[in-house]
Amino acid sequence: MNNTSQIKKLSVIVPVCERINETISLFHEYKEECDKLADSVEYIYIASTDSNDIHKDLTLLQESENNLKVILLNRSYGEATAVQAGFDHCSGDYILTLPPYKQVRTEELSKLIDQIGDYDIAIAKRWPRLDSKSNQYQTKIFKFLLQKFSGQKYDDIGCGVRLIKAEVLKEVSMYGDQWRFMPLLGYQLGYHSTEVELTQAGEDTHKRFYNVGVYLRRLLDLLTIVFLTKFNKKPLRFFGLVGSSSIVVSLIGLAYLTFEKIAFDVGMSDRPALVLFSLFLVLGCQLIAIGLVGETVIFTHAKNNKEYRIKEIINFNSKK
Amino acid sequence: MKSTQHSPPTLSVIAPLYNEEDSAPLLHKAICDALDPTGIDYEILFVDDGSKDSTVKVCTELCKQDPKLKLIQFKRNYGQTPAMAAGIDSALGEILVTMDGDLQNDPSDIPMMMSKLQEGYDIVVGWRHKRQDKLISRKIPSIIANRLIGKVTGVPIKDNGCSLKVYRAKIMKEMPFYNEMHRFIPALLSVSGTRVAEVKVKHHARQFGESSYGLSRIYKVLLDLLTIKTVLSVTSHPTSWFAKLSIIPFFISLLSCISFFSLMLSGDNLIISATVTLLFFTLGAFTISLGFLCELIYQKGNLKINQLALLTSTTNTQLSETHKPNE
């Protein structure tokens with residue numbers, strides 16, 4: 001294969017967090033395909049679940065495989081933490097992350113390596129999709145929200161199959177459930193990603209409906225990421241916007257009440273609207289004050305957090 | 001420390017470039033023309049802020065011709081202040097100059113500003129005193145903004161927006177510098193007892209391209225001003241700043257309380273005024289408690305203003321002994 005020359009050492013990281021039933025059987029399938037992708041390949045499985053069975057199964061598997069590392073975390077930390085833990089123990093130039101359940105046809109994984117080119121991250125996009133319309137709509141709605149809030153376009157950020165340059169994971173700091181948003185965090189640091197179409201696996205086509213809590217949590221995660229990426233150096237811009245809108249509403253209301261008091265002598269003291277608008281005023285002030293505390297945090301830690309990432313320094317100065 | 005082949009340069013000129021393929025060669029030439037006759041050992045740092053045109057290509061060519069020129073290329077567009085920060089972080093000189101990349105500043109002012117610095121200042125700020133911009137959309141908002149910034153921060157600079165500034169590297173490298181802070185450098189530096197001077201500089205109209213400024217800028221400057229005021233007061237006594245802020249809600253609460261008692265005498269409905277009184281009282285208490293929170297944040301942070309103050313007290317003597325520009 002001519003593309004293998006591109007990557008010397010590949011680390012395959014599999015965060016084992018949810019839908020863990022096929023994990024063990026899938027390992028052999030992954031291994032068969034991934035061994036072809038690079039000269040040397042290592043496998044790292046990180047179990048971050050409360051289930052003890054998977055710990056035992058993985059330990060057993062590890063005894064029979066020599067290039068498999070197994071890291072057992074003692075509770076469920078979320079995929080992002082698991083991937084970071086795996087990254088700390090890997091040595092590849094490129095990292096291929098795979099979900100512990102089948103999302104795409106494994107035969108097509110080499111496409112990622114073919115198409116990553118100069119990009120830092122190649123995200124698999126499950127396409128063509130074989131699953132139900134309702135699943136596809138969920139992906140579409142999430143894509144729409146993501147684009148509205150963050151201004152960035154990713155067709156299928158829910159897919160866990162990604163090929164990443166090692167330096168990206170070294171720089172990006174993520175935790176908890178932020179794994180799906182890794183490309184956004186990477187973009188903030190100047191790492192560009194591309195999407196590669198891989199055919200969806202037949203095993204991934206069952207209908208998915210989660211309970212309301214899961215959807216709410218996703219939405220909250222999305223808002224957190226937008227806050228962290230867009231306002232991470234200027235919290236007051238965010239809190240100030242919300243807070244000053246609240247203050248403007250209250251001031252308009254209070255002005256109207258004052259006008260009625262002066263023009264028509266309507267007493268303020270028996271109007272509940274006064275409480276409402278005072279409440280808005282107080283809320284606005286509190287939000288802005290919280291923003292100021294945020295700015296203080298940033299200011300006192302700014303020296304340690306560089307905002308920019310340098311691609312290259314060009315200098316033809318011979319003397320050092 | 002005599003100036004030898006291998007010693008770092010005395011002066012570093014930093015210019016952020018964003019889509020400036022036309023200006024870059026002219027700017028490079030202007031800087032060289034201004035500094036070569038003075039005999040100062042200098043370096044030029046161009047920071048490419050993720051330009052979409054051929055700025056990088058043009059500058060790489062320039063770098064090949066001039067070993068004094070260094071190009072720092074960003075991975076993507078980050079903004080003017082991060083670009084300046086990158087230049088400041090990798091500059092080797094003891095004196096730093098920042099300027100616009102679009103030829104609106106004139107490098108021929110640099111020697112004059114440097115000699116001003118030698119008079120015993122830590123930062124010399126340019127004042128575009130014959131500004132070549134539109135009156136209504138640029139000049140008047142700028143005058144109001146500068147007055148306001150001077151009032152709030154207590155550092156009366158006539159032109160905070162001018163990028164052409166000369167600093168001592170030791171102080172600048174220690175200052176936290178992010179967002180759109182470049183506008184507030186004099187105010188920020190003032191916390192460490194920095195001596196600020198302002199001199200008139202030349203200003204040219206833009207030769208290439210249009211500058212983009214919107215009305216949303218006013219709102220941003222106001223928020224930034226609030227930020228600067230807060231972070232500046234945090235460095236000395238956060239509790240008292242937040243306590244001062246809390247006077248307003250406490251005062252409203254007091255007024256409302258008075259109306260409560262007057263209503264009580266007349267036997268009117270009391271619930272509304274009681275609620276309003278308590279609401280604003282709560283806000284006052286909330287604000288004061290944030291002051292304590294900020295004390296905690298400052299104590300746990302890594303910014304130590306007293307060390308900065310030490311820097312400003314020593315730099316002047318050291319510098320005048322070692323490097324004096326030949327004039």
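Into which domains is chain A divided? In this predicted model, chain A falls into domain 1, covering 2-230, and domain 2, covering 235-301. The centres of these two domains of chain A, taken over C-alpha atoms, are separated by 44 Å. For chain B, the domain assignment gives domain 1 (11-214) and domain 2 (237-303). Here 43 Å separate the centres of domain 1 of chain B and domain 2 of chain B, again taken over C-alpha atoms.

A general view of chain B helps before turning to the details. Chain B holds eleven helices and seven strands. Of its 327 residues, 45% are buried. Among the contacts in chain B with a separation of 6 or more, 82% are accounted for by residues 24 or more positions apart.

The two chains meet through a contact that joins 42 residues of chain A with 47 residues of chain B. On the side of chain A that touches chain B, the elements giving two or more residues are α9 (235-264), α10 (272-301) and β8 (310-315) of chain A. The largest share of that side comes from α10(A), with 17 residues. Sorted by class, the side of chain A that touches chain B has 18 nonpolar, twelve polar and twelve charged residues.

Strand β8(A) deserves a second look. It pairs with strand β3 (residues 69-74) of chain B in the antiparallel sense, over five bridges. One of the positions can be followed by eye: E312(A) has Q73(B) in β3(B) as its bridge partner. Through this pairing, the reader arrives at an open sheet of eight strands with mixed pairing, in the order β8(A)-β3(B)-β2(B)-β1(B)-β4(B)-β6(B)-β5(B)-β7(B). Why is one side of β8 of chain A and of β7 (196-201) of chain B left without a neighbour in the sheet? Both strands stand at the edges and each has a single partner strand, so one side of each has no neighbour in the sheet. On average, and with direction ignored, neighbouring strands of this sheet are turned by 20° against each other.

Within the sheet, strand β1 (residues 11-17) of chain B and strand β4 (residues 95-98) of chain B pair in the parallel sense over four bridges. L11(B) has I95(B) in β4(B) as its bridge partner. Two helices can be followed against these strands. Helix α3 (residues 80-90) of chain B lies across β8 of chain A together with β1, β2 (42-48), β3 and β4 of chain B, and runs at about 155° to β1(B). Helix α4 (residues 110-118) of chain B packs on the sheet as well, touching β4, β5 (123-128), β6 (165-168) and β7 of chain B. The direction of α4(B) makes about 155° with that of β7(B).

Chain B also offers a pair of helices to examine. Two packed helices are described by the angle between their axes and the distance between the axes. The axes of helix α1 (residues 23-35) of chain B and helix α2 (residues 55-65) of chain B come within 9 Å and cross at roughly 35°. In this crossing, α1(B) passes α2(B) in the right-handed sense. The contact is made by A24(B), P25(B) and H28(B) on the α1(B) side, and by T55(B), V58(B), C59(B) and L62(B) on the α2(B) side. By class, this contact of α1(B) with α2(B) has five nonpolar, two polar and no charged residues.

Chain A has strand pairings of its own to trace. Strand β4 (residues 94-97) of chain A pairs with strand β6 (residues 162-165) of chain A in the antiparallel sense over four bridges. In β6(A), I164(A) is the bridge partner of I95(A). Strand β5 (residues 121-126) of chain A also runs antiparallel to β6(A), and three bridges join the two. Here I123(A) stands opposite R162(A) of β6(A).

A single residue of chain A rounds off the description. L68(A) is placed in strand β3 (residues 68-72) of chain A. With 18 other C-beta atoms within 10 Å, L68(A) is partly exposed. Apart from its neighbours within four places in sequence, L68(A) is in contact with Y43(A), Y45(A), L61(A) and Q62(A). The C-alpha atoms of L68(A) and F27(A) are separated by 9.9 Å, and the two residues are 41 residues apart along the chain.

Conventions: Residues numbered from 1 in each chain as written. Chains lettered and ligands numbered in written order. Predicted model: local features only at pLDDT ≥ 70, side-chain atom pairs only at ≥ 80, totals over all residues. Domains from an automatic or database assignment. Axes fitted to C-alpha atoms, helices over the stretch in contact; angles between N-to-C directions. Left-handed = near helix turned anticlockwise from the far one by under 90°. Contact = placed C-beta atoms within 7 Å. Nonpolar A, V, L, I, M, F, W, Y, C, P; charged D, E, K, R; others polar. Pairing = 2+ DSSP bridges. Buried ≥ 20, exposed ≤ 12 C-beta atoms within 10 Å, placed from the backbone.
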